[in-house]
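Q: I would like a close look at one part of this protein. Could you walk me through its nonpolar core and what surrounds that core?

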Amino acid sequence: ETDVVSKGTYSDSLFQELKTDLMNVEMTFKDNKYTMSIDGNVIESGTYALENDKLVVKTEMGMKMDALVTKDNLTLDTPDFMTTLKPK
């Protein structure tokens with residue numbers, strides 16, 4: 001289950017399209033690399049590391065985002081939206 005919150009940088013109609021996609025996003029973390037995919041298509045990938053108890057993601061495709069991990073979920077905070085992903 002995913003929640004997506006706009007930060008007002010997109011028009012409502014564009015954000016609704018983006019939200020529909022983001023509701024289907026899956027992230028996989030393995031061997032210090034991550035992939036973000038929608039319906040099996042990778043839209044973002046990169047590396048990650050824990051620094052001072054904070055998960056730091058470094059993208060290879062240019063999406064600017066901070067990752068905040070708790071026991072229950074993962075929140076990705078970007079300049080355009082914030083999305084919360086639940087473990088599968």
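A: Here is a walk through the core, with the whole chain as the setting.

A word on the source: this is a predicted model, in which local features need pLDDT of at least 70 and side-chain atom pairs count only at pLDDT 80 or more, while totals for chains, interfaces and linings use all residues. Residues are numbered from 1 along each chain as its sequence is written, and side-chain values use heavy atoms, with hydrogens and water left out.

Let's begin with the setting. The protein chain has 1 helix and 8 strands, in the order β-α-β-β-β-β-β-β-β from the N terminus. Helices here are DSSP runs of H or I with at least four residues, strands are runs of E with at least two, and both are numbered from the N terminus. Along the principal axes, the C-alpha atoms fill a box of roughly 35 × 25 × 25 Å. The radius of gyration is 13 Å, which agrees with the value near 12 Å for a compact globule of 88 residues; this radius is taken over C-alpha atoms, and the globule rule is 2.2 Å times the number of residues to the power 0.38.

Now to the interior. Of the 88 residues, 31% are buried, where buried means under 20% relative accessible area, exposed over 50%, and partly exposed in between, with a 1.4 Å probe and protein chains only. A nonpolar core is a set of buried Ala, Val, Leu, Ile, Met, Phe, Trp, Tyr and Cys residues joined through side-chain atoms within 4.5 Å. The largest such core holds 13 residues, and M27, V57, L74 and L76 touch the most other members. Two or more residues each come from strand 2 (25-30), strand 3 (33-38), strand 5 (54-59) and strand 7 (74-77). Strand 3 gives the most, with 3 residues.

M27 is a good place to zoom in. Leaving aside neighbours within four places in sequence, M27 is in contact (heavy atoms within 4.5 Å) with Y34, T35, M36, L74, L76 and L85.

Finally, step out to the loop between strand 2 and strand 3, where D31 is placed and N32 also lies. Neither is a glycine, but D31 has a positive phi of about 50 degrees and N32 one of about 65 degrees. In contrast to the buried residues of the core, D31 is exposed, with a relative accessible area of 65%.
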